[in-house]
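Me: I would like a close look at one part of this model, followed by whatever else can be said about the packing of its helices and its less usual backbone positions.

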Amino acid sequence: MDGSVVDAALEGLRLVFSWPWILYPLAGTVLAMLFSASPGLNSSSLMALAIPLTYAWDPLPVMLLFGAFVGGATFMGSVTAILFNIPGKASNAVTLLDGYPMTQQGRAKTAISCAATASALGSTFGIVMLIALIPVMREAAIALGPPEYLMLAIWGLTTLAALTGNSLPKGLIAAGVGLLLAFVGYDPRTAGLRFTFGFDYLRDGFSLVPVFLGLFALAEIIDLMASGRETLSGKQRSSELSGSAGDGVRSVFRNFGLFLRSSVIGTVIGIIPGIGSSVAGFIAYGHASQTAGADSKFGRGDIRGVLAPEAANDAKDGGALVPTLALGIPGGTGTAVLLGALMLHGLVPGREMLTDHLVLVFVLVWSLFLSNWVTSLLGLSLASPMAKLSTIRTSRLVPVILALAVIGAYQYRGQVADVICAIAFGILGYLMKRFDWPRIPLVIAMALATLFENNLHLTLRLQELGRIDIWSRPITLGLMALTLFSLLLPGALARWRRGRRDPKAAK
Amino acid sequence: MTLLVAGVLLLFLVQTPRIGLVAGRIPFVVLGLTLILVCWQLVRELVAPQRSSADTVSASHDVVQALRATAWIFVLLLAVLVAGVVPGAGLFCFLFLRFQADESWLFSLVFSIALSAAVYLIFDLFFGASLYSGWLPLP
Amino acid sequence: MRQSVLFVLEVLLSVTQIAGADCSTLQDSAIRWIVPTRPGGGYDAYSRLLQPFMERELGAQIVIENRAEAGGIVAALTIRDASPDGKTLGIINASGLLTANMLAENPAPHPAEDFSVLGRVISNHFVMFTGRDSGIADVEDLLSTAQERPVLVAIRDVGSAGFAALPITASLIGMDYTVVTGYVGNSDRALAAIRGEVDVVMHNFDSARRFVDSGELVPLLQLTWQMADAHASLKNVPMLAGKDGLAVRRAGHVGKTPAQAETEARALANIIGAGRLLVAPPNLSTSMTGCLRRAVDTVMAKPELLTAARRAGLSVAPADAAAALEDLGVGAAALVQFAPLVRAAVQSARQ
């Protein structure tokens, strides 16, 4: 690596950990944790509030503070997802798919500590990749185009096959419904309305947050009350809870291959500008379930279902800074607000930032790194006390959870209609659970539909016009191979494992 | 449930004439494939009815309780719409604790006031989030 | 005629409003500020630039909401349909709405008739750009290329302001083109040109500034009669409108008279120049409209704002509500003459 990059990295590190500058990332971390633990609020809201307040500050404290905002925000939203089935923001939504079932099984401590560990290590991975990519940041951000985005979406959609539970047709139907729900609203190419049934609310389409809150949080509340369960975990006392923080930490290292793959997925998706923050988690989750094998309990409390999306979500933060800093194109909502903050302080992303302001870039990066670790270490130490919430009587928790769900649904866009939408999906989610219809394919399809449709159209059009040749693009071909491999791998793994257990039967 | 899904898909189908071919190309393909799958699933269920897996269904299901739970969610919605998030959450909490969870009057009152206060302090005062204020012109 | 009447009414109203301005009801309240682009987009950047200044001026908290769907139409509808209590404001793409309104395919609000206009941040001045590696060095190369094959242009959707400017420009300079739709933001379109997926893109200079600075995008043509920006890269870039503009020089090629070409090119610049307007819902009270307009004028005149804009690489050329409405009227009238051409282009692009 270039000596100047190393020097800038070391100088940035020194500044972050020096007194009194270290106060800024620590304060930013605490604020980000509080915000992201509250449904409907997130680091973007926090940064937006902070921009006018920090207007007259020098660039250094701004970078220290905003780096911490980005880094400190991801994990706490996962805690509410694990404990109460309520995601702090869209990117935490995937964690609840297995995190909440773990709480119901009395293993909340394990889930929270796994999330904390995967979060810290995933963020570290993303930052290492970011630093490694600094010399080629612009090229990396520009290299990915519609064919690559399309293949990522297809790969993500193919992972659905592993998430259909006991019934492939039901899973595929759920995925189809998810795709159709995502098509509701304006068509991006013609600006025409689709499937709005005349409702103004549906002009904007369905948002993932109210849908998730309904399908999972509200549906589980109905199920909880219908089943007469005394507590979330089924245990009356915290001493009866199983699992431990140590189990959670060790699970990341026991599944280190999955952790690395998920972190790569998160970093790559973070680099792609404009993709929603939840996509990384979904694709990592789908990939994890595909490669899980015969012992898969995805959707029913499989620790890998927490590990994969958490690693991907935090690795994504590092990746998302690549297009943000190199091109001034945000990787997601959080980095978009960050970009606004940087520009208002005269820090214009682009070549100049990567040469004249490289030290400040590293201040941002190290501040993000520090806040991620502080959040995760705090999360680890609080895993046990937080897990005790799952032994509180359901009848006392239900009003609190419902209030949080309503606030989360309303705060997302400030529309009461989102609350009604969440309730409608809550009823649907309960019916789906009651009658054995998998919900996960529906939400994955919804999350990936726009990425798939837009880039399918662009890829076909550009191929037709002769402006691209998908068969000569190495990244596209690599992703195609990965997709095929992902489709064939589960079957091959199953056959191999059967062969090992009973060689005669395999023959 | 399959019939419900089929009904939803038919609603989508009814909308298709309003959508041009350019905007509708991919949705039409997805709708068509999903309808085929639904028909197949309906036939499967008619020919060989399937039982729900015990793993995914709660241990004991009380349909009445499920309906009651749904009704409580609508009570919450009504309370929030009329009184706003802060008072509405507290009102719902009181009614739920007293009449569903059979808690004492005192506990229900104290808990619900505490919940409203916490929501107000945390979201309104600390975060400055603008919470829905409801139809009634409460202070 | 209707536009002129509206304009006169607005000017008369504005005189009376300033005298009785009262924003006290907004003190300590939360104001929704609706933005028609994704976070990080051009309108978002302007909104966040204005946010601290407007907050101080109004004594309120401004909460920015991004509604990027349908190219800003959803955002515009959100503002239009909000309660006229001063607690919902926003920024709109006036030329985009004029175009959508003219095409009349979706319920797009009219920027003058369906809003209370508070002021203008900047007029839009489109520039046509190409990627560094496109093989097109200048506008002459572009026209030569267009002789051999249609020029590929990236746009968001058929019916956007960017699309409407295209057939008009093409008719003025004699350029055969094909559109590729689906590139949602200006950044997406800029990257498409840089990657070589398309030949040219058209949007504000601000959106492309950092790519021009890095040399990845090259400006080819300014769709205006004055410099679109003070940036050095535009110094030798020809202008479409004006007495010596490209439209006049190409008039013979496309079967127009120089006077006709000059008029049409200027009309196009006026349509695009309708600009980024700061608006509130319609039917705002007289006093509220007056106080908000005064607040906007005060903020836009602050030297600190201009300094901050310069630092952020954003151009600000403010205009008060009266001037903005006047220019809007001119743009709207100009668009009427191009309606058949644009509609035909929309039909053709959708086949």
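With 351 residues, what radius of gyration would a compact globule have, and what does chain C have? Please start from there, and then go on to the helix pairs and loops of the other chains.

Reply: This is a predicted model, and everything below should be read with that in mind. A compact globule of 351 residues would have a radius of gyration near 20 Å, and chain C has 20 Å, which agrees. Along the principal axes, the C-alpha atoms of chain C fill a box of roughly 65 × 45 × 35 Å. Within that box the chain is built from 14 helices and 11 strands, and 62% of its 351 residues count as buried. If one takes the contacts in chain C between residues at least 6 apart in sequence, 78% of them join residues at least 24 apart.

Turning to chain B, helix H4 (85–99) and helix H5 (105–126) are joined by a loop that holds B:Asp102. The axes of these two helices come within 8 Å and cross at roughly 155°. Because angles over 145 degrees count as roughly antiparallel, H4(B) is roughly antiparallel to H5(B), and their crossing is right-handed. On the H4(B) side the contact involves B:Val85, B:Val86, B:Pro87, B:Ala89, B:Gly90, B:Cys93, B:Phe94, B:Leu97, B:Arg98 and B:Phe99, and these meet B:Trp105, B:Phe107, B:Ser108, B:Leu109, B:Phe111, B:Ser112, B:Leu115, B:Ser116, B:Val119 and B:Tyr120 of H5(B). Sorted by class, the residues of this contact are 15 nonpolar, 4 polar and 1 charged.

One of the residues on the H5(B) side, B:Ser108, deserves a separate word. B:Ser108 lies in helix H5 of chain B and is buried, with a relative accessible area of 0%. Leaving aside neighbours within four places in sequence, B:Ser108 is in contact with B:Phe94, B:Leu97, B:Arg98 and B:Glu103. The loop residue B:Asp102, on the other hand, is exposed, with a relative accessible area of 63%, and its phi is positive, at about 60°, although it is not a glycine. Most residues other than glycine have a negative phi, and most peptide bonds are trans.

Chain A offers a second position of this kind. A:Asp436, in the loop between H20 and helix H21 (440–464) of chain A, has a positive phi near 65° and is likewise a residue other than glycine. A:Asp436 is buried, with a relative accessible area of 16%, a value that falls under the 20% cut-off. As for peptide bonds, a cis bond joins A:Trp19 and A:Pro20, with omega about 0°, and A:Pro20 sits in the loop between helix H1 (3–16) and helix H2 (23–37) of chain A.

Helix H20 (residues 416–434) of chain A also takes part in a helix pair, packing with helix H11 (residues 208–227) of chain A at an angle of about 55°, with the axes 6 Å apart. H11(A) and H20(A) are therefore oblique to each other, and H11(A) passes H20(A) in a right-handed crossing. Among the residues making the contact are A:Gly214, A:Leu215, A:Leu218 and A:Ile222 of H11(A), together with A:Ala422, A:Phe425, A:Gly426 and A:Tyr430 of H20(A). The residues of this contact divide into 15 nonpolar, 3 polar and 4 charged.

A further pair in chain A is formed by helix H5 (residues 74–84) and helix H7 (residues 108–133), which pack at an angle of about 160° with their axes 10 Å apart. That angle makes H5(A) roughly antiparallel to H7(A), and here too H5(A) passes H7(A) in a right-handed crossing. The contact is made by A:Phe75, A:Ile82 and A:Leu83 of H5(A), and by A:Ala108, A:Ala111, A:Ile112, A:Ala115, A:Ala116 and A:Ser119 of H7(A). By class, 8 of these residues are nonpolar, 1 is polar and none is charged.

Finally, a charged residue within a helix of chain A can be placed in the same way. A:Asp317 belongs to helix H15 (residues 304–327) of chain A and is buried, with a relative accessible area of 8%. Not counting residues up to four places away in sequence, A:Asp317 touches A:Val70, A:Thr74 and A:Leu368.

Technical notes
Residues numbered from 1 in each chain as written. Chains lettered and ligands numbered in written order. Predicted model: local features only at pLDDT ≥ 70, side-chain atom pairs only at ≥ 80, totals over all residues. Heavy atoms only, no water. Axes fitted to C-alpha atoms, helices over the stretch in contact; angles between N-to-C directions. Helix = DSSP H or I, 4+ residues; strand = E, 2+ residues; numbered from the N terminus. Parallel < 35°, antiparallel > 145°, perpendicular 65-115°, else oblique. Left-handed = near helix turned anticlockwise from the far one by under 90°. Contact = heavy atoms within 4.5 Å. Nonpolar A, V, L, I, M, F, W, Y, C, P; charged D, E, K, R; others polar. Rg over C-alpha atoms; globule rule 2.2 N^0.38 Å. Buried < 20%, exposed > 50% of the residue type's maximum accessible area, 1.4 Å probe, protein only.
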